[in-house]
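Biologist: Could you take a close look at one part of this model for me? I'd like to hear about the place where the two chains meet, and then whatever else is worth a glance.

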Amino acid sequence: MDKVYLLQTLTGHVGRVWSASWHPSGDIFASCGEDKTIRVWTKTDTNRWVAQTVLTDGHSRTIRDVAWSYCGHYLASASFDTTVAVWDKKSGEFECNATLEGHDNEVKSVTWSRSGNLLATCSRDKSVWIWEIHNAPGQEDEYECAAVLNGHTQDVKKVCWHPQEELLASASYDNTIRMYRQDTVDSEWEMLEPMESHTSTVWSISFDATGKRLASCSEDTTVKIWQQYGPDNTVGIQCPDKGSVWKCVCTLAGFHSRSVYDIDWCKQTGLLATACGDDLVRIFKEATNSDPNEPTFELVVTIAAHSQDANKVAWHPVKPGILLTASDDGEIKIWQYQEDADLSQERCQD
Amino acid sequence: MAELENINPNVYKKCEDRTLTKDDEDEDVVDPFDEREIFDLIRNINDPEHPLTLEELHVLEQSLITVDNEKSTVHILFTPTIPHCSMATLIGLSIRVKLLRALPPRFKVSVEINPGTHASEHAVNKQLTDKERVAAALENTHLMEVINQCIGTPLK
């Protein structure tokens, strides 16, 4: 049996912790929540995580999401106060040097593209915004709205960039997932066909390392795996003139007893972690003989992670098997996953 | 206040107080949450438009409450007074907030419309289930004033 060990429980937030994001180095992470603060955690010499910095004056309401840029120099935060703040350490200390305004309602999620030139945000106002970042040495960074995308008919819960390309995905209360890319001819951002299969709110999405597959999780208690098919696909799936099409190739049903609030697909190990409203965190692994067009996933570990809803799961970007979880119970926990542990009996009792 | 949606609602009699048993007064007896206790917590919530409680309007009934103390779940069905009641979400939210404050955090509370009693039952249920939208609503000071009035001391 695969095992999971608790490495550390982190307290400090008052009330629900909504989200957290690893710095690309893996030596720092940021967390946020109901208490309107961002805590920036770093590791001490004794391998303990401590919140060295607490950012308190960026937002006037709940901070729903935080995201580090791939270069590691910027941290963005999305708040119910309708704004997105971008923080950097150019002065030596964390400072909010840009506030992005435009959404009419609560901002639910924020994400940076791989290149670092684009930022995407989404809101209860049903829109997805793409921001272009202009930075020149010695000058202030400028954020320009490049697109307002109104494909969803309801509250947009999550935005997520493709791991390599400038392809954006969004998940919504309208039960669908949408993707957006820039038209090669006129550079306008356009929407691909909606991805329909979930029967309730899609809370979160995560690409795999190749970016050819996407995992989604929903209020309908299922997880779905979507596969991209290009015009050259060998299984005969029709593609529109927009290029590729995404098909749901697998549904993980019967594993979760309540809403699944978050999902993260580890870019190093391929493991899938989910955060559920039944307080549990689950880890799934693709079966070894899995058919790419009809993949099979196995539940390898169920973790009694928290005393209330689990809201966030995030795999460490560098060290395989390190997992962060955050909950309504106000706690953040760091776990070590161990595959098929060949250990003595007493250490197996986690 | 604007015109009332349901001018003459049916009004029902309140139920008797819970009879205290010896065990209720014994501090050493573990006393799990039951349907009656949950009902007592919410029966005196005021209707947003009438000076009447949700019990008196039969919006809430003990028979439509399910509690599993061991699994920490509470499930409540409420019946809007009319099928087009625009207050349905607000009533459901008041029930949620009252229980959020009164129950230990281990409880998972679901509040839904009694099936077949409201025109937009599905949409209202989805709103009330979405904890993110509930959290955002609870940060709205105007809305919280209204909810606090509903769940505050009964008018009579």
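Modeller: Here's a walk through the contact between the chains, followed by a helix and a couple of loop residues. Keep in mind that this is a predicted model.

Let's start with who takes part. Chain A puts 27 residues into the contact, and chain B puts in 14 residues. Put together, the two chains bury about 1700 Å² between them, and carbon and sulfur atoms account for 42% of that area. On the chain A side, the residues that lose the most area to chain B are Arg124(A), Tyr173(A) and Arg258(A). Together, those three make up 31% of what that side buries.

Now for the charges. Between chain A and chain B the count comes to ten salt bridges. If you want one to pull up on screen, try Lys131(B) with Asp328(A), where the closest N and O atoms sit 3.1 Å apart. Sorted by class, the side of chain A that touches chain B holds 14 charged residues, eight polar ones and five nonpolar ones. As for polar contacts, 17 residue pairs between chain A and chain B are counted, with both partners at pLDDT 80 or more.

Moving into chain B itself, have a look at helix α3, which covers residues 88–102. This helix of chain B has 15 residues and reaches 21 Å from its first C-alpha to its last, close to the 21 Å expected at 1.5 Å a residue. Its buried residues include Leu90(B), Ile91(B), Leu93(B), Ile95(B), Val97(B) and Leu99(B). Arg96(B) is buried as well, and so are Gly92(B) and Ser94(B). What do the buried residues of α3(B) pack against? In chain B, their partners are the helices α2 (35–42), α4 (121–129), α5 (131–138) and α6 (141–151), plus the strands β2 (73–78) and β3 (108–113).

Back in chain A, there are two backbone angles you may want to check. Lys126(A) isn't a glycine, yet its phi is positive, at about 75°. You'll find Lys126(A) in the loop between β11 (118–123) and β12 (128–134) of chain A. Its relative accessibility is 37%, so Lys126(A) counts as partly exposed. Ser187(A), another residue other than glycine, has a positive phi near 65°. Ser187(A) belongs to the loop between β16 (176–182) and β17 (189–191) of chain A. Why does Ser187(A) count as partly exposed? Because its relative accessibility is 44%, and partly exposed runs between the 20% and 50% cut-offs.

Definitions and conventions: Residues are numbered from 1 along each chain as its sequence is written. Chains are lettered from A and ligands numbered from 1 in the order in which they are written. This is a predicted model: local features need pLDDT of at least 70, side-chain atom pairs count only at pLDDT 80 or more; totals for chains, interfaces and linings use all residues. Side-chain values use heavy atoms; hydrogens and water are left out. Contact means heavy atoms within 4.5 Å. Buried area is the accessible area (1.4 Å probe) that two parts lose on being put together, summed over both. A salt bridge is a side-chain nitrogen of Lys or Arg within 4 Å of a carboxyl oxygen of Asp or Glu. A polar contact is a pair of N or O atoms within 3.5 Å; within protein, one must be able to donate a hydrogen and the other to accept it, and residues adjacent in sequence count only if both atoms are side-chain atoms. Ala, Val, Leu, Ile, Met, Phe, Trp, Tyr, Cys and Pro count as nonpolar, Asp, Glu, Lys and Arg as charged, and the others, Gly among them, as polar. Helices (H or I, at least four residues) and strands (E, at least two) are DSSP runs, numbered from the N terminus. The expected span of a helix is 1.5 Å times one less than its number of residues. Buried means under 20% relative accessible area, exposed over 50%, partly exposed in between (1.4 Å probe, protein chains only).
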